[in-house]
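These are my notebook entries on a structure that I had not looked at before. I set down what I looked up, in the order in which I looked.

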Amino acid sequence: MKAIGILALNEFMDGLRNRWVAAAITLLGTTALVLLLVGSAPTGTIRAGALDVSVVSLTSLSVYLLPLIALLLSFDALVGEFERGTMLLLLTYPVARWQVVMGKFFGHMMILLAAVVVGYGGAAVITVLFTDNGIEGWQAYVNMMATTLLLGAVFIALGYLVSVLVRERSTAAGAAVVLWLVFVVLYDLGLLGLLLADHEQRISQSLFSVLMLVNPADTYRLLNLTVFDTVGQVAGIAGVAARSGFGVTLLLCLMVMWVVVPLAATMAIFHRREL
Amino acid sequence: MAEGVTLDTAITVKGVVKNYGNNTVLRDVDLSVRSGERMVLIGHNGAGKTTLMKLMLGLTHPAAGRVRVLGNNPVTAAAAHRREIGYLPESVAFNSAMKGREMLTFYARLKGVVPAECDSILVQVGLEHAADRRVSTYSKGMRQRLGLAQAMLGRPRLLFLDEPTSGLDPSLRRQFYDLIDTLSLSGTTSLTSSHSLNEVEARADRIAIMKNGSIVACGTLAELSSQTDLPMVVRLRVTTGNTSRVAEQLAPMGEIHRINDHGIELSCLGASKMLLFRQVAGLGDAIEDFDVAPPRLDDIYNHFMKGVSLQ
């Protein structure tokens, strides 16, 4: 346990040193602030508090940004150390291979935690303090922050899997980009195309909902856009899926699985790997 | 403690085979390193030195055979086992954004060593003034010394050094070996791989020569030399006018290379060494001086490397 803590702290300090933490906080903080301030302008008609209205736009933003940040942090995590030769050295220390993976995971999660809490949280605090929108809807906002972290965890785990599977850093970088495109952009485009091409409406609502569950990014959308009624009202499009009635527990379990399975696979592959 | 291992043996390798795919890197390797010994591994590139070290470090496991390090199987050994081992990899690129002290402290924590020990190690490797600079500003020699510093953490009983002096200038090499000698005096066993034969010649208690995945010879310099039948070179300074007479007398002892007015150079086998000495002593005043050069590690190495194709 101690080894995991040391490795995690080292990874986090590394994030501070190479300005990753600062960059992520700035990116998330400024975009959230802009969306919060702009988002509070047109609320007159819809009757929703600024915070839960902004959950809709912030969710759409996070679904792009968080996987990107997470993959950038993680694609290099193992393959980079193999290439530099530091992994060879590290494994001669009293550290097990699974501890290396978990240590890095917690370290990277600390970076994401700082980015989400300081960035998104800070933006919300500023909005509440300096506009006349109250803290109404804060539960939906906190829910969004927590699930955003979970989304980040999913893509950190997927990034590790890429990192342990390939032999070169450049391959890992390419694979990470592909992963991001597929999960965040192409999958949804594909679903949309499928619906457009489906003139005879053979795709039932339930099949469509299941298809959305296959992708963790969509699961994340569902979690944020359907769980709270007020958010659902403004979200519009995702309200469709809302009516399919997936429970929060199911959605959360799915996302946690997307973290656990790639992490476990990474450890298993790493464990068998000849150095 | 595993069977067959005495306290005096730091490393035992028996019948070890290792393949990478279809490529056999180690074939039936036997090696035993005694406690406190300075063992040096030499051999051509790709002979299997690094692989053998990785096996001893438990980073990879053998296809056949047995490896015991400090009485443990290095692959399955508990964390405590690894605290007693230091390793300097052949080429390691430390995180260059870190400062020297930060890096060493990180490794110290992992090893369960009090961070205070880092300061004294930094002094020992001569990095105390550069400790608070980023590793990216370090020269090759400083990085190598930082590498040694982390290997020394926690006073390991056993040090693995994979080509520790490659890329260092002569005075740094000297400092490096002096440091290792100091550690050795305090009882640390070391296994060093090297291509610098001249350096290790004087610094090794025993030398193992690897060729195409096997250990072809292992022993002290004298033992290796006697295995090779390489001749020693004897130079005699002879009083003027006596050279032809002396040469005639010594001819049966060995092969005469050079002869001139005041000197003779001949090579003779180790077995007839004493015989030659007696002869020389019998020649009395005719011999002004004599000098014996046993075969160098270079020569021994070349002898064992015959037939290795360049890859």
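**Entry 1. Helix H5 of chain B**

I began with the cover over H5(B) and found that 11 of its 13 residues are buried. The model is a predicted one, and I read every value below in that light. The helix runs over residues 140-152 of chain B. From its first C-alpha to its last I noted a reach of 19 Å, close to the 18 Å expected at 1.5 Å a residue.

I then listed the buried residues of H5(B); among them are B:Gly141, B:Met142 and B:Gln144 near the beginning of the list. The list continues with B:Arg145, B:Leu146, B:Gly147, B:Leu148, B:Ala149, B:Gln150, B:Ala151 and B:Met152.

What covers the buried residues of H5(B)? From chain B, I recorded that the cover includes strand E5 (85-88), helix H3 (100-111), helix H4 (116-124), strand E6 (158-162) and helix H6 (170-185). Chain A takes part as well, for its helix H5 (86-90) is included in the cover.

**Entry 2. After the helix, and two positive phi values**

I followed the chain onward and came to B:Gly154, which follows H5(B) and has a positive phi, near 75°. In the loop between H5 and E6 of chain B I also found B:Arg155. Phi of B:Arg155 is positive too, near 45°, and this residue is not glycine. I noted this since most residues other than glycine have a negative phi.

I found another such case in B:Leu70, where phi is near 50°, again a positive value in a residue other than glycine. B:Leu70 is placed in the loop between strand E4 (64-69) and helix H2 (79-83) of chain B.

Are these two residues buried or exposed? B:Leu70 has a relative accessible area of 12%, and because buried means under 20%, it counts as buried. B:Arg155 has a relative accessible area of 66%, and because exposed means over 50%, it counts as exposed.

**Entry 3. Strand E12 of chain B**

I turned next to strand E12 (residues 263-268) of chain B. Six of its six residues are buried, so the strand is largely enclosed by the rest of the structure. I checked which way the residues point: B:Gly263, B:Glu265 and B:Ser267 point one way, and B:Ile264, B:Leu266 and B:Cys268 point the other way. The residues on both sides are buried.

Which strands pair with E12(B)? Strand E10 (residues 232-238) of chain B runs antiparallel to E12(B) and is joined to it by six bridges. In that pairing I located B:Arg237 opposite B:Gly263. Strand E11 (residues 255-259) of chain B also pairs with E12(B) in the antiparallel sense, over four bridges. Here B:Ile259 stands opposite B:Ile264. I noted that E11(B) and E12(B) form a hairpin, with three residues between them.

**Entry 4. Where chain A meets chain B**

I then examined the contact between the chains, to which chain A gives 20 residues and chain B gives 27 residues. Between them the two chains bury about 2300 Å², of which 62% is on carbon and sulfur atoms. A:Leu89, A:Tyr93 and A:Pro94 supply 28% of the area that chain A buries against chain B, more than any other three residues.

How many salt bridges are there between chain A and chain B? I recorded a count of two. In a salt bridge between the chains, the side chain of A:Arg17 meets that of B:Glu102 at 3.3 Å, N to O. I also recorded eight residue pairs in polar contact across the interface. On the side of chain A that touches chain B, the elements giving two or more residues are helix H1 (2-17) and H5 of chain A. H1(A) provides the largest share, six residues.

**Entry 5. One residue within chain A**

I looked up A:Leu36, which lies in helix H2 (residues 20-39) of chain A. Its relative accessibility is 0%, so it counts as buried. A:Leu36 and A:Val128 are 92 residues apart along the chain, and their C-alpha atoms are separated by 9.6 Å.

**Entry 6. Chain B as a whole**

I closed with chain B, in which I found 11 helices and 13 strands. Its C-alpha trace spans about 75 × 45 × 40 Å along its principal axes. Of the 311 residues in chain B, 50% are buried. Among its contacts between residues at least 6 apart in sequence, 70% join residues at least 24 apart.

Notes. Residues are numbered from 1 along each chain as its sequence is written. Chains are lettered from A and ligands numbered from 1 in the order in which they are written. This is a predicted model: local features need pLDDT of at least 70, side-chain atom pairs count only at pLDDT 80 or more; totals for chains, interfaces and linings use all residues. Side-chain values use heavy atoms; hydrogens and water are left out. The expected span of a helix is 1.5 Å times one less than its number of residues. Buried means under 20% relative accessible area, exposed over 50%, partly exposed in between (1.4 Å probe, protein chains only). Contact means heavy atoms within 4.5 Å. Two strands pair if DSSP finds at least two bridges between them. Buried area is the accessible area (1.4 Å probe) that two parts lose on being put together, summed over both. A salt bridge is a side-chain nitrogen of Lys or Arg within 4 Å of a carboxyl oxygen of Asp or Glu. A polar contact is a pair of N or O atoms within 3.5 Å; within protein, one must be able to donate a hydrogen and the other to accept it, and residues adjacent in sequence count only if both atoms are side-chain atoms.
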